[in-house]
Amino acid sequence: MSTDGWKNFGKYGAHLDPGNVHGKIALGQALEDALERMIIEGGIKSPATTRRGLLARMKYLTTHKGGLKALTDAGATATRATLRRWTKGTQQPKPASREAIDTAYWTLRARNVMANPGAFKQHLNRAGQGTKIEIHPVNQAVVDEKRRRPNLRVRRFQVRYIWDDAVDAMVAGDVDKLEDIWDDVIAELDSDWGAYTYVSHIGLGA
């Protein structure tokens, strides 16, 4: 099968596998996954079930804009006096309230990181070194056997200079921009680049 055949994705049944998606979608998902890891790795390490973890979460929620609303949205119904006691550690919240505090903390932290994605861009740019990308080709199990490409393999290489635009596109939900960026990424591959327009998975930092 020629490379051109891959430009009409789905013609031979590959679209039936829910794991096979356009690279722009997989790239957006990979960015979201990487951002989630960054949010978690940079967050409070102690669990909310510990005194230290609870106090740290309450301090964050009561000293950052939107913290009280995040608590309310998470279902933590408490008076201001109760919130003060939770913050000081003089009163322990019930399990349901503790879970709501944990949810509110991670929600607010994610929102704050998303509102100022500069650190995420720096993380991906790595002072000009870029980030390694791992591209898994489409799953050909549902493609007619005579149409399969036995030479397709996982591709790994370092990608630079796209990350500022990629993060901005992810935050804005701009899939058209992500498609342009993905075209730039796979242009770095050999003449088989068209076979990676659609993929089964993309990993970052692998």
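**Figure 1. S200 in strand 4 of the predicted model.** S200 is located in strand 4, the run of residues 198-204. The structure shown in this and the following views is a predicted model. With a relative accessible area of 29%, S200 is partly exposed. A polar atom of the S200 side chain lies 2.7 Å from the backbone oxygen of P137. H22 also appears in this view: 178 residues separate H22 and S200 along the chain, while their C-alpha atoms are 8.5 Å apart.

**Figure 2. The salt bridge between R156 and E134.** A search of the whole structure finds five salt bridges, and the pair of R156 and E134 is one of them. The closest N and O atoms of R156 and E134 are 2.7 Å apart. R156 belongs to strand 3 (residues 155-159) and E134 to strand 2 (residues 131-137), so this salt bridge ties together parts that are 22 residues apart in sequence. The two partners can be compared by their accessibility. R156 has a relative accessibility of 53% and counts as exposed. E134 has a relative accessible area of 14% and is buried, because buried means under 20%.

**Figure 3. The salt bridge between D73 and K69 in helix 3.** Here the side chains of D73 and K69 form a salt bridge, with an N to O distance of 2.9 Å. Both residues lie in helix 3, which covers residues 67-73. D73 and K69 are four residues apart, or about one turn of the helix. Are these two residues buried or exposed? Both D73 and K69 are exposed.

**Figure 4. The salt bridge between D102 and R57.** In this view, D102 and R57 form a salt bridge whose closest N and O atoms are 2.8 Å apart. D102 is part of helix 5 and R57 is part of helix 2, so the pair ties together parts of the chain that lie 45 residues apart in sequence. What is the relative accessibility of each partner? For R57 the value is 3%, and R57 counts as buried. For D102 the value is 23%, and D102 counts as partly exposed.

**Figure 5. The aromatic pair of Y60 and Y105.** Two aromatic pairs are found in a search of the whole structure. In the pair shown here, the ring centres of Y60 and Y105 are 5.1 Å apart. Why is this pair called edge-to-face? The ring planes of Y60 and Y105 stand at 85 degrees, and planes over 60 degrees apart count as edge-to-face, so the pair falls in that class. Y60 sits in helix 2 (residues 51-63) and Y105 in helix 5 (residues 95-115). The pair therefore links distant parts of the chain, 45 residues apart. Y60 is buried, with a relative accessible area of 15%. Y105 is also buried, and its relative accessible area is 3%.

**Figure 6. The aromatic cluster of Y60, Y105 and W106.** Y105 also forms an aromatic pair with W106. The ring centres of Y105 and W106 are 4.8 Å apart, and their planes are at 65 degrees, an edge-to-face arrangement. W106 has a relative accessible area of 22% and is partly exposed. Which residues make up the aromatic cluster? Y60, Y105 and W106 form one cluster.

Notes. Residues are numbered from 1 along each chain as its sequence is written. This is a predicted model: local features need pLDDT of at least 70, side-chain atom pairs count only at pLDDT 80 or more; totals for chains, interfaces and linings use all residues. Side-chain values use heavy atoms; hydrogens and water are left out. Rings of Phe, Tyr and Trp (its six-membered ring) pair if their centres lie within 6.5 Å; planes under 30 degrees apart count as stacked, over 60 as edge-to-face and the rest as tilted. Helices (H or I, at least four residues) and strands (E, at least two) are DSSP runs, numbered from the N terminus. Buried means under 20% relative accessible area, exposed over 50%, partly exposed in between (1.4 Å probe, protein chains only). A salt bridge is a side-chain nitrogen of Lys or Arg within 4 Å of a carboxyl oxygen of Asp or Glu. A polar contact is a pair of N or O atoms within 3.5 Å; within protein, one must be able to donate a hydrogen and the other to accept it, and residues adjacent in sequence count only if both atoms are side-chain atoms.
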